[in-house]
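User: Please take one part of this structure and look at it closely, working outward from a single residue to the elements around it. I would like a connected account rather than a list.

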Amino acid sequence: MNDRIVVLEVSGLEALHLAGIVGQFRDLVVDAGREDDPAVARLMPDAYPDDEAASREFRRLTGADMLDRRAEDARTVLHTLGMDGAELDPASDPDSTIAVALGESEARAWMRTLSAVRLVLATRLGIQDDDEHRPGDARFGIYDWIGYRLDGLVAALDRRLDDPPATR
């Protein structure tokens, strides 16, 4: 699927917000001093739910690599948005539309990053189930918006995979 491309269209304003959120996520997973943070802990699976000592050892041995991969995925998202290291300019045209072309590895990085961002937000907001919403709380809107973007990416990939090669 490396030759297959998925194109996402996002508004300039969405790209700015997404870059800001993904940048914060990248900073969170890069900061090694946050291993006791429940949101970071949620990003590292509990390999041995019935054995706390074994789980702790598993996280000790694999946690840094998992977080490094998440940080690299976040950098990929920022790069494909064209905002890796660039100053985010809120004065740029927020009504413009940006077409983001993704290959297979980039699309996977986007899916992993958006899913991980939702996990962090869910932990921060105390969400255990997607049905737990508090009307009027803008943070839940961000959680839903990231889910909407993730769902759109998955749907675009599904459509792309379902297209017969002759129509491409």
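Analyst: P38 lies in helix α2, and in this predicted model P38 counts as exposed because its relative accessible area is 55%, above the 50% cut-off. Although P38 and R124 are separated by 86 residues in sequence, their C-alpha atoms are 8.3 Å apart in space. The range of α4, residues 104-125, takes in R124, and the helix has 22 residues, with 31 Å between its first and last C-alpha, close to the 32 Å expected at 1.5 Å a residue. Just after α4, G126 adopts a positive phi of about 75 degrees.

Going on along the chain from α2, which covers residues 38-42, one enters the loop that leads to α3 (52-80), and this loop holds Y48. The structure contains one aromatic pair. It is formed by Y48 and F58, whose ring centres are 6.2 Å apart and whose planes meet at 85 degrees, so the arrangement is edge-to-face. F58 belongs to helix α3 whereas Y48 sits in the preceding loop, so the pair ties together parts that are ten residues apart in sequence. Both partners are partly exposed, since their relative accessible areas fall between the 20% and 50% limits: Y48 has 42%, and F58 has 27%.

Further along helix α3 is D73, which is buried, with a relative accessible area of 10%. When residues up to four places away in sequence are left out, D73 touches A109, R112 and T113, and these three positions fall within the residue range of α4. T80 also has its place in α3, and its relative accessibility of 16% lies under the 20% limit, so T80 counts as buried too. A polar atom of the T80 side chain is 3.0 Å from the backbone oxygen of V77. Setting aside neighbours within four places in sequence, T80 is in contact with V100, L102, E106 and W110; of these, E106 and W110 fall in the range of α4. Contacts from α3 to α4 are thus made by D73 as well as by T80, because the partners of D73 and two of the partners of T80 lie in the 104-125 range.

Another position in the α4 range is R118, which lies over the face of Y143, at 3.9 Å from the ring centre.

For comparison with these surroundings, helix α1 (residues 12-30) has 19 residues and spans 26 Å from its first C-alpha to its last, close to the 27 Å expected at 1.5 Å a residue. Its buried residues include G12, E14, A15, L16, F25, L28 and V29.

The wider setting of this region is a protein chain with five helices and two strands, in which the elements follow the order β-α-α-α-β-α-α from the N terminus on. Of its 168 residues, 36% count as buried. Among contacts in the chain with a separation of 6 or more, 75% come from residues 24 or more positions apart. The accessible surface of the protein chain amounts to about 9,900 Å², and carbon and sulfur atoms account for 50% of that surface.

Conventions: Residues are numbered from 1 along each chain as its sequence is written. This is a predicted model: local features need pLDDT of at least 70, side-chain atom pairs count only at pLDDT 80 or more; totals for chains, interfaces and linings use all residues. Side-chain values use heavy atoms; hydrogens and water are left out. Rings of Phe, Tyr and Trp (its six-membered ring) pair if their centres lie within 6.5 Å; planes under 30 degrees apart count as stacked, over 60 as edge-to-face and the rest as tilted. Helices (H or I, at least four residues) and strands (E, at least two) are DSSP runs, numbered from the N terminus. Buried means under 20% relative accessible area, exposed over 50%, partly exposed in between (1.4 Å probe, protein chains only). A charge sits over a ring if NZ of Lys or CZ of Arg is within 6 Å of the ring centre and within 35 degrees of the ring normal. Contact means heavy atoms within 4.5 Å. Accessible areas come from the Shrake-Rupley method with a 1.4 Å probe; for residues, only the protein chains shown count as cover. The expected span of a helix is 1.5 Å times one less than its number of residues. A polar contact is a pair of N or O atoms within 3.5 Å; within protein, one must be able to donate a hydrogen and the other to accept it, and residues adjacent in sequence count only if both atoms are side-chain atoms.
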